[in-house]
2 protein chains.
Amino acid sequence: MAPKPAERAETQVDKPLLSVLRGTRRDPPPMWMMRQAGRYLPEYRALRQDKGSFLDLVYDADAAAEVTLQPLKRFPKLDAAILFSDILIVPFAIGQNLTFVTGEGPRLTPPLIGADLDDLTPYLARLEPVYETVRKVKAGLEPDKALIGFAGSPWTVATYMVAGQGSRDQSEARRLAYADPAKFGELIARIESVTLDYLSGQVEAGAEALQLFDSWAGSLSPAQFEQWVIAPTARLVAELRSRHPEVPVIGFPKGAGGKLSAYARETGVNAIGLDETVDPAWAAEELPEDLPVQGNFDPLALIAGGEELTSAVKHILDAFAGRPHIFNLGHGILPDTPIAHVEQLIALVKGAK
Amino acid sequence: MAPKPAERAETQVDKPLLSVLRGTRRDPPPMWMMRQAGRYLPEYRALRQDKGSFLDLVYDADAAAEVTLQPLKRFPKLDAAILFSDILIVPFAIGQNLTFVTGEGPRLTPPLIGADLDDLTPYLARLEPVYETVRKVKAGLEPDKALIGFAGSPWTVATYMVAGQGSRDQSEARRLAYADPAKFGELIARIESVTLDYLSGQVEAGAEALQLFDSWAGSLSPAQFEQWVIAPTARLVAELRSRHPEVPVIGFPKGAGGKLSAYARETGVNAIGLDETVDPAWAAEELPEDLPVQGNFDPLALIAGGEELTSAVKHILDAFAGRPHIFNLGHGILPDTPIAHVEQLIALVKGAK
């Protein structure tokens, strides 16, 4: 099938992020920052004041698109926008109620430690407003910038759905997975299915790459990691690839440590995100040759600035000079990050060569 | 220098744990469980009721010795006792006040985010009662069982001293380490020095092996890991070795993931403890050949029991069959662990061959 005109036009523009995700090395590397749209930006805090709850903001497509684009306006050398949304939109669509309690984080009710999946009434229309945001962002994006859509991985989303909130060590979900693997497996399958539709919807609305956030991949035993991280991710990536072969998927199994290599080999992701605890030199040796990597600057070193910043950036750039690399943080940027340090970081990565 | 009579007598008794720590493979492997003395045991809960605060119990040498020995009385196939105490005895001796708040965990005041080391008045006598516990345990221990002393690693102890309590992501200590490495370095040096005396005191009182708990080793960037985990641990291990060449040191850098191998090579520990997230097959390949390893059964799989328990135990035993191995959990045993599952685990490890 010949590409549609819009697709053909798109492929003619050089988007550094997408070319790296397809396996090309770039020098300097493309760059974006996890949570780059958010509380460290004064323009975000100004907009946020008028918008009610966090969920109201996510569901206001005009505002969410503006927030998504804010970091690219301030830092024109960034190479990608990432959709401003939340991984808990998927449980909300599966039928849990979602609220964000200031200072305490999200709450999903009823938590599945005390309820069954069958008690939930799906509201898949809760995904739709996000697609409108994606369309608006795409319309406002410079042609050399890429638009990244995202979702949580099934395991990480399940940890919140089971506990009803963030939880230390993800103990509730890990316990349920041991105690009732059938029930837990149904939950993972349901999340997988809704996430597949959700990410497909983002692609159809204009997302050009996808990231799967597996924030709690680090808490599982090896057998559970195989069963609840690698297997569902592999199925999701295979389905996405069959629907959208041109759209690369970045897997970000935070905290996976020594299991990163198995994740990289077995899930089929196009690229792997590394958290800030991973030694880039170790990763460069351990991971499959030519696999694009993303990361992994410590957000706390960004707050500190100075010599630590310079040397850690250099260490990362040097370690990954031999393979496709997207410069990023190893974790979301923190609210008290000085803007001047972000500018310094971007100049270091982009201006050095 | 010829060994003193007591030492000579000791070396004639075969202690499986010590022989593995010296590099011998044993089949079946020696076994103990982190937090094996504690809340999952009814006899512990019974004794605990009468003893006031947790700190009162730690400082009551008779009671602490009894608690230390309880698991060996109930499970005679365990190969070691580990001193019943707490890693925060060291900050208490450095001069912070220590309280245990039920349901909330320990509190150290003043936290060092708001105070200087110089504000603290050391009370090194606060270490002494622990040595009395060690002597009492040693006197009550069967001759084939080993007595393990322990302390927290400098980094992990520092995370509590800086924040004044447990903290998500150890962010306060990591921030201080970036913002004021001189102040943080002084803190680490102080902890190192007191820990060296503390562990030496335990050895002189009868401890035959030592474990360094580095519960929060997993949160650091690679450069900080080198500076605040590997370097202080290497110095401490070297000092201990020069004072007590016959006493092996087990390092337990929980969450170190891909940095385990660097830790094993660079710290000089005699053995390395692995947490439950580490794939034993990966570790067996990655770690220096013949290095004794300890671990790494998932405490949640022990609660679950059944088929998961059997297959995970077999996976661990098989993966480490080629090197010296001490069977252990990957983390402390949990209060709601069924005693019957512990019995099943011990039978599997000890009875299989």
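In the predicted model, chain A carries an open sheet of 7 strands. The strand order is 1-4-5-6-7-8-9, and the pairing is parallel. Strand 1 (80-82) and strand 9 (325-329) of chain A stand at the edges. Each has a single partner strand, so one side of each lacks a neighbour in the sheet. From one strand to the next, the twist averages 25 degrees. At one of these edges, strand 8 (residues 293-297) of chain A pairs with strand 9 of chain A in the parallel sense over 5 bridges. Within this pairing, Asn296(A) has Asn328(A) of strand 9 as its bridge partner.

Strand 5 (residues 209-214) was examined in chain B. Of its 6 residues, 6 are buried, so the strand is largely enclosed by the rest of the structure. Both faces are covered. Ala209(B), Gln211(B) and Phe213(B) are buried on one side. Leu210(B), Leu212(B) and Asp214(B) are buried on the other. Strand 5 of chain B also has strand partners. Strand 4 (residues 146-152) of chain B pairs with strand 5 in the parallel sense over 5 bridges. Here Gly149(B) is bridged to Leu210(B). Strand 6 (residues 249-253) of chain B likewise pairs with strand 5 in the parallel sense, over 5 bridges. In that pairing, Leu212(B) is bridged to Gly251(B).

The largest nonpolar core has 225 residues. Ile148(A) and Ile148(B) have the most contacts inside it. Beyond residues up to four places away in sequence, Ile148(A) touches Ala80(A), Ala81(A), Ile82(A) and Leu83(A). The same count includes Ala207(A), Ala209(A), Leu210(A) and Gln211(A).

The two chains superpose with an RMSD of 0.0 Å. The operation that lays chain B on chain A is a turn of 180 degrees with a shift of 0.0 Å along the axis. The copies are thus related as by a two-fold rotation axis.

The contact between the chains takes 26 residues from chain B and 26 residues from chain A. On the side of chain B that touches chain A, two or more residues come from each of helix 9 (171-179), helix 11 (222-243), helix 13 (280-286), helix 14 (299-304) and helix 15 (306-319) of chain B. Helix 9 of chain B gives the largest share, 4 residues. By type, this side of chain B divides into 12 nonpolar, 6 polar and 8 charged residues. Of the interface residues of chain B, 100% are also interface residues in chain A, so the copies meet through the same surface.

Technical notes. Residues are numbered from 1 along each chain as its sequence is written. Chains are lettered from A and ligands numbered from 1 in the order in which they are written. This is a predicted model: local features need pLDDT of at least 70, side-chain atom pairs count only at pLDDT 80 or more; totals for chains, interfaces and linings use all residues. Copies are superposed by least squares on the C-alpha atoms of residues with pLDDT of at least 70 in both. Two residues are in contact if their C-beta atoms, placed from the backbone, lie within 7 Å. A nonpolar core is a set of buried Ala, Val, Leu, Ile, Met, Phe, Trp, Tyr and Cys residues joined through C-beta atoms within 7 Å. A residue is buried if 20 or more other C-beta atoms lie within 10 Å of its own, exposed if 12 or fewer, and partly exposed in between; C-beta atoms are placed from the backbone. Two strands pair if DSSP finds at least two bridges between them. Axes are lines fitted to C-alpha atoms, for helices over the stretch in contact, and angles run from 0 to 180 degrees between N-to-C directions. Ala, Val, Leu, Ile, Met, Phe, Trp, Tyr, Cys and Pro count as nonpolar, Asp, Glu, Lys and Arg as charged, and the others, Gly among them, as polar.
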